[in-house]
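This report covers the nonpolar core, a surface patch and the salt bridges of one protein model.

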Amino acid sequence: MDLSYQHSHHQRILRQRNLLFAAVAALGAFSLLLLTMTLFRGREIVLQPVLRSPLSISSSGVSRDYLEMITRDVVVLTLDRNPQNLEYWMESVLAIASPRAQGKLKADLMRIVEEQRGSSISQFFTIQSMTIDTKALSSEVTGELHTIVGSKVVSKQLRTFRYRWEYAGLTLRLIGFGMVEDEKGHREKGRAS
């Protein structure tokens, strides 16, 4: 009788163990399925409406409204500067730059900082038009570049600036910008204005 009792007890323990292994395997397979769905599913973030409509970004690409809004803000950041905000200006531009472009961009910005440090020259830009290309991830902005020495406006010139971007992992990063000159087509001058 002890032998048959022990045998049935062992059989019951083996069934419980097998059920536990089956449950663990099922949960593991379900977790793997959820992880796979999470990795390969398109992602989208809805941002608060700041322009004319709610704005969203997705893993499928950059929307025209988003690129326009970012370009507008980056134009103000990159082209409005004075000797009192040069360090902040350079750090802010580098913070939005792509890691692969930061070295070249920092060298160009340092040259501008050294030229303008200690002077009384300021500049600001007024946007008149903007061209957005979401496929090439570039934008061109045309407007008046105002140069001020002391408190006197010494020049007001119509200029076009081109901004180039990269989009990876729902992040839009600046890879270069510069003035476009009109001479037998468009040509980008330098990486920083």
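The account below starts with the core and then turns to the surface.

This is a predicted model, in which local features need pLDDT of at least 70, side-chain atom pairs count only at pLDDT 80 or more, and totals for chains, interfaces and linings use all residues. Residues are numbered from 1 along each chain as its sequence is written, and side-chain values use heavy atoms, without hydrogens and water.

The largest nonpolar core (buried Ala, Val, Leu, Ile, Met, Phe, Trp, Tyr and Cys residues joined through side-chain atoms within 4.5 Å) has 32 residues; W89, L105 and L109 are among those with the most contacts inside it. Leaving aside neighbours within four places in sequence, W89 is in contact (heavy atoms within 4.5 Å) with L77, T78, D80, R81, L109, I112 and V113.

F30, L33, L34 and M37 make a nonpolar surface patch of about 390 Å². Such patches take residues with over 30% relative accessible area and no salt bridge, with nonpolar side chains (Val, Leu, Ile, Met, Phe, Trp, Tyr) joined within 5 Å.

The whole structure holds 7 salt bridges, each a side-chain nitrogen of Lys or Arg within 4 Å of a carboxyl oxygen of Asp or Glu. Three of them are tabulated here.

| Pair | Closest N to O distance |
|---|---|
| R72 and D73 | 3.3 Å |
| E87 and R117 | 3.2 Å |
| R117 and E114 | 3.2 Å |

Shared partners join E87, E114 and R117 into one salt-bridge network. R117 is partly exposed at 44% relative accessibility, where partly exposed lies between buried (under 20%) and exposed (over 50%), with a 1.4 Å probe and protein chains only.

Conventions
Patch = residues over 30% accessible without salt bridge, like charges linked within 9 Å, V, L, I, M, F, W, Y side chains within 5 Å. Areas by Shrake-Rupley, 256 points an atom, 1.4 Å probe, with all protein chains shown as cover.
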